[in-house]
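Subject: Structure handover

Hello,

The structure we discussed is below, followed by notes on what was found in it. Please look through them before you set up any work on the file.

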Amino acid sequence: MPATAVIGAQWGDEAKGKIVHLLAREAQVCVRFNGGPNAGHTVTDALGTARLHLVPSGALYPHCLGVIGHGVVVDPWALEGELGELKAQGRSQPRLFLSERCHLILPHHRVLEEEEGTAARLGTTRRGVGPAYTERTARQGLRLADLRHPAHVRERLEELARRGGGFDPHAVARELSQFWEGWSSSIGDGQGLIGEALDRGEHVVFEGAQGTLLDLDFGTYPYVTSSTTTVHGVGWGTGVRVELDRVVGVTKAYTTRVGEGPFPTEDHGAVGEWLRRKGNEYGATTGRPRRCGWLDLVALRYAHRLNRFSELALTKLDVLSGLEEVKICTSYRVGGRRVEDFPATVEELAQAEPIYQTLRGWKEELARARSPEELPERTRAFLTWVENAVGVKIRWVSVGPGTDDVIVL
Ligand code: GDP
Ligand code: IMO
Ligand code: MG
């Protein structure tokens, strides 16, 4: 299977990192194509728990090259900080290659995110991601390739500093030039490198960040991130026309969201609290408590329509053990009408009342289950319900954070 994409089917944090790591066992290349350090992907293996923001999850394997496609906005300081943390965990330095066409996140982007009020209004991750993409679209950004021309960088930074942002352009220019000295041999034509790897028949895993419902265009606009988070981001963020053999959609057995914006199945009561506590639903990037609720098949069908998943990985099924009943949202009621399709506006979504199918819960803990036979009958009924309603096969069921806590169906 030379080309595989792993895409979040919800509002992010579906455990893409874990699934990418699993699928990259035999991959030569793992590519990030969208987002930036707003992502927080968790991988738990024999060496402990790694929280990755810019480093592709597959790059934790020495055999796998991590590539950062040009669709990713790169914060050089965040990248070095992340590598420092991996080193402190006793991990060997990942092999990385960065597209020279990546735009940079600079110190003033975080300042702008606060000053413009976006951080508070949308509940962003405050990593400067939105302003960096805005500057890119406004054709005012700095790219990694520009670091080859220090005089140009200095000039641009001086101009930006005159406009505000409260940073010392000379200090930033110095730090960027140090970054270039250390990294120049790993920065170049990412598009070409990925294309050549595919031509050689190498196995490449494309690691989506965020999730389908946070997509700039197809998500719950304006409560979205600033990049293409669906499978279309693979071309958008690498420049390669990839014939994908697999498009793996990752969904939790329930739903979470962090930050502002509509969330029809959100539960403000005991169930939401259960999911947050048992699922340890706190952001991997910001530590914020995640909003929690039941699985939403209206949203999941929509994600399938946009991405045409070849299969699903359903994660955190273990978190539902012990609940008396398990609910699945099958449609919405909006203004007295039954709605099967995911609405385009937040106004409609805010009014959407979920219509639920209720299934009987199961008591058995699942963390040790490793084969389909070890799954209680009622969990299998749940999985079958989801498969039939969405129309796509569940290939992996994850029952814990560890690399081996997974059942292949
Ligand atoms: P990502 O952004 O999609 O990679 O997901 P995050 O890493 O932000 O959030 C997923 C969280 O769930 C992480 O803390 C994982 O360690 C944890 N996790 C992954 N799979 C499972 C699972 O099947 N069960 C449980 N209980 N935790 C899981
Ligand atoms: P991973 O890759 C969950 C959310 C933020 C906010 C909105 C915009 O770990 O799944 P941004 O900082 O991108 O401008 O914030 O998007 N958000 C995420 N939520 N997981 C993520 O990444 C997210 N990245 C951004 O909470 O609501
Ligand atoms: Mg995350």
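Arg 139 lies in the loop between α5 (129-137) and α6 (150-162). Arg 139 is not a glycine, yet its phi is positive, at about 60°. Keep in mind here and below that this is a predicted model.

The other backbone point concerns Pro 222, which lies in the loop between β8 (204-207) and α9 (233-236). The peptide bond joining Tyr 221 and Pro 222 is cis, with omega about 5°.

Now the ligands, starting with ligand 1.

Ligand 1 is surrounded by 18 residues, and the closest are Ala 15, Lys 16, Thr 42, Asp 318 and Ser 398. By class, this shell holds five nonpolar, six polar and seven charged residues. α1 (16-23) and β3 (41-45) are the elements that give two or more residues to the shell. The largest share, three residues, comes from α1.

Three polar contacts of ligand 1 can be listed:

- Asp 13: a side-chain N or O atom is 3.0 Å from an oxygen atom of ligand 1.
- Lys 16: a backbone N or O atom lies 2.7 Å from an oxygen atom of ligand 1.
- Asp 318: a side-chain N or O atom is 2.8 Å from a nitrogen atom of ligand 1.

On its own, ligand 1 has 590 Å² of accessible area, and the protein covers 92% of that. The space that ligand 1 takes is the second largest pocket. Domain 1 (3-246) and domain 2 (250-408) both give residues to the shell around ligand 1, so ligand 1 lies between them.

Next, ligand 2.

There are 20 residues around ligand 2, and the closest are Asp 13, Lys 16, His 41, Thr 125 and Thr 225. The class split of this shell is seven nonpolar, 10 polar and three charged residues.

Polar contacts of ligand 2 include these:

- Asp 13: a backbone N or O atom lies 2.8 Å from an oxygen atom of ligand 2.
- Thr 125: a polar side-chain atom lies 2.5 Å from an oxygen atom of ligand 2.
- Arg 288: a side-chain N or O atom is 3.0 Å from an oxygen atom of ligand 2.

The protein covers 98% of the 540 Å² of accessible area that ligand 2 has on its own. Ligand 2 takes up the space of the largest pocket. Why does ligand 2 lie between domain 1 (3-246) and domain 2 (250-408)? Because both domains give residues to the shell around ligand 2.

Two residues come up for both ligands. Asp 13 has its side chain in contact with ligand 1, while its backbone makes the contact with ligand 2. Lys 16 is among the closest residues to ligand 1 and also among the closest to ligand 2.

Regards

Technical notes. Residues are numbered from 1 along each chain as its sequence is written. Chains are lettered from A and ligands numbered from 1 in the order in which they are written. This is a predicted model: local features need pLDDT of at least 70, side-chain atom pairs count only at pLDDT 80 or more; totals for chains, interfaces and linings use all residues. Side-chain values use heavy atoms; hydrogens and water are left out. A residue is near a molecule or strand if one of its heavy atoms lies within 4 Å of it. A polar contact is a pair of N or O atoms within 3.5 Å; within protein, one must be able to donate a hydrogen and the other to accept it, and residues adjacent in sequence count only if both atoms are side-chain atoms. Accessible areas come from the Shrake-Rupley method with a 1.4 Å probe; for residues, only the protein chains shown count as cover. On a 1 Å grid over the protein atoms alone, a cavity is a set of points where a 1.4 Å probe fits but cannot get out, and a pocket is an open set with protein on both sides within 12 Å along at least five of seven lines; lining residues have an atom within 4 Å of a point. A molecule sits in a cavity or pocket if more than half of its atoms lie within 2 Å of its grid points. Helices (H or I, at least four residues) and strands (E, at least two) are DSSP runs, numbered from the N terminus. Ala, Val, Leu, Ile, Met, Phe, Trp, Tyr, Cys and Pro count as nonpolar, Asp, Glu, Lys and Arg as charged, and the others, Gly among them, as polar. Domain bounds come from an automatic or database domain assignment.
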